Amino acid sequence: MKADSLYRLTAACLITHELDSIVKMTASPNSLGSLSNVEQSVLIWGHIPIVLGLLFVTESTMRASVRYGTCVFAVIHVALHWVYRDQPIYDFGSMASWVLILLAGIFGAAYLVPAKAR
């Protein structure tokens, strides 16, 4: 599989996981329930420029460092979810959440493997 495809799959899983987390955070009284509607809206809509910027930088300039960093983060992200999975306010225990988290980490790790070794 080409590195571009592995990066795009990693980014797609991370972005979808982010959407999943926003839905869970707005529904959970433990996490965002204490934020006002305006603060929740700023948090949710504030992700658009972040995701758009990430996609723009990586697709328009083909910057390998941004892709590499995103894939390293995806792998570390799996470990962080594993470490914090038993916390009382952890909301990502569903099968769908774990599939997104693990797929992002797997695709990210595959991207980090040199092409000759794949």
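**Pockets, a salt bridge and a patch**

Student: Which residues lie nearest the centre of the largest pocket?

Tutor: Leu-14, Ile-15, Glu-18, Leu-54 and Phe-73 do, out of the twelve residues that line the largest pocket. Keep in mind that this is a predicted model. The space in this pocket comes to about 210 Å³.

Student: How do you know which helix gives the most to the lining of the largest pocket?

Tutor: Look at what each supplies: helix 1 (3-27), helix 3 (47-61) and helix 4 (64-83) bring at least two residues apiece. Helix 1 comes out on top, with five.

Student: And what makes up the lining of the largest pocket, by class?

Tutor: You'll find seven nonpolar residues, four polar ones and one charged one.

Student: What volume does the second largest pocket have?

Tutor: About 170 Å³. Twelve residues line the second largest pocket, and Ser-21, Met-25, Ile-89, Asp-91 and Phe-92 are the closest to its centre. The class split here is five nonpolar, four polar and three charged.

Student: Now for the contacts. Why is the pair of Arg-67 and Asp-4 called a salt bridge?

Tutor: The cut-off is a side-chain nitrogen of Lys or Arg within 4 Å of a carboxyl oxygen of Asp or Glu. The closest N and O atoms of Arg-67 and Asp-4 are 2.7 Å apart, so the pair passes. Arg-67 sits in helix 4 and Asp-4 in helix 1, 63 residues apart, so distant parts of the chain are linked. Searching the whole structure turns up one salt bridge.

Student: Why is Arg-67 called buried?

Tutor: Buried means under 20% relative accessible area. Arg-67 has 3%, so the word fits.

Student: Then why does Asp-4 count as partly exposed?

Tutor: Partly exposed lies between the 20% limit for buried and the 50% limit for exposed. Asp-4 has 24% relative accessibility, so it lands in that range.

Student: What about Val-57: why does it count as partly exposed?

Tutor: The reasoning is the one we just used: Val-57 has 31% relative accessibility, so partly exposed is the right label. Val-57 belongs to helix 3. Its C-alpha is 9.4 Å from that of Arg-67, with their positions ten residues apart in sequence.

Student: Which residues form the nonpolar patch on the surface?

Tutor: Met-95, Val-99, Leu-102, Leu-103 and Ile-106, with about 460 Å² of accessible area together.

Student: How do you know that Leu-102 is accessible enough for a patch?

Tutor: A patch residue needs over 30% relative accessible area. Leu-102 has 38%, so it clears that bar and counts as partly exposed. You can spot Leu-102 in helix 5 (residues 95-112).

Conventions. Residues are numbered from 1 along each chain as its sequence is written. This is a predicted model: local features need pLDDT of at least 70, side-chain atom pairs count only at pLDDT 80 or more; totals for chains, interfaces and linings use all residues. Side-chain values use heavy atoms; hydrogens and water are left out. Patches are made of residues with over 30% relative accessible area and no salt bridge: like charges are joined within 9 Å, nonpolar side chains (Val, Leu, Ile, Met, Phe, Trp, Tyr) within 5 Å. Accessible areas come from the Shrake-Rupley method with a 1.4 Å probe; for residues, only the protein chains shown count as cover. Helices (H or I, at least four residues) and strands (E, at least two) are DSSP runs, numbered from the N terminus. Buried means under 20% relative accessible area, exposed over 50%, partly exposed in between (1.4 Å probe, protein chains only). On a 1 Å grid over the protein atoms alone, a cavity is a set of points where a 1.4 Å probe fits but cannot get out, and a pocket is an open set with protein on both sides within 12 Å along at least five of seven lines; lining residues have an atom within 4 Å of a point. Grid points are joined across faces, edges and corners, and a volume is the space filled by probe spheres set on the points. Ala, Val, Leu, Ile, Met, Phe, Trp, Tyr, Cys and Pro count as nonpolar, Asp, Glu, Lys and Arg as charged, and the others, Gly among them, as polar.
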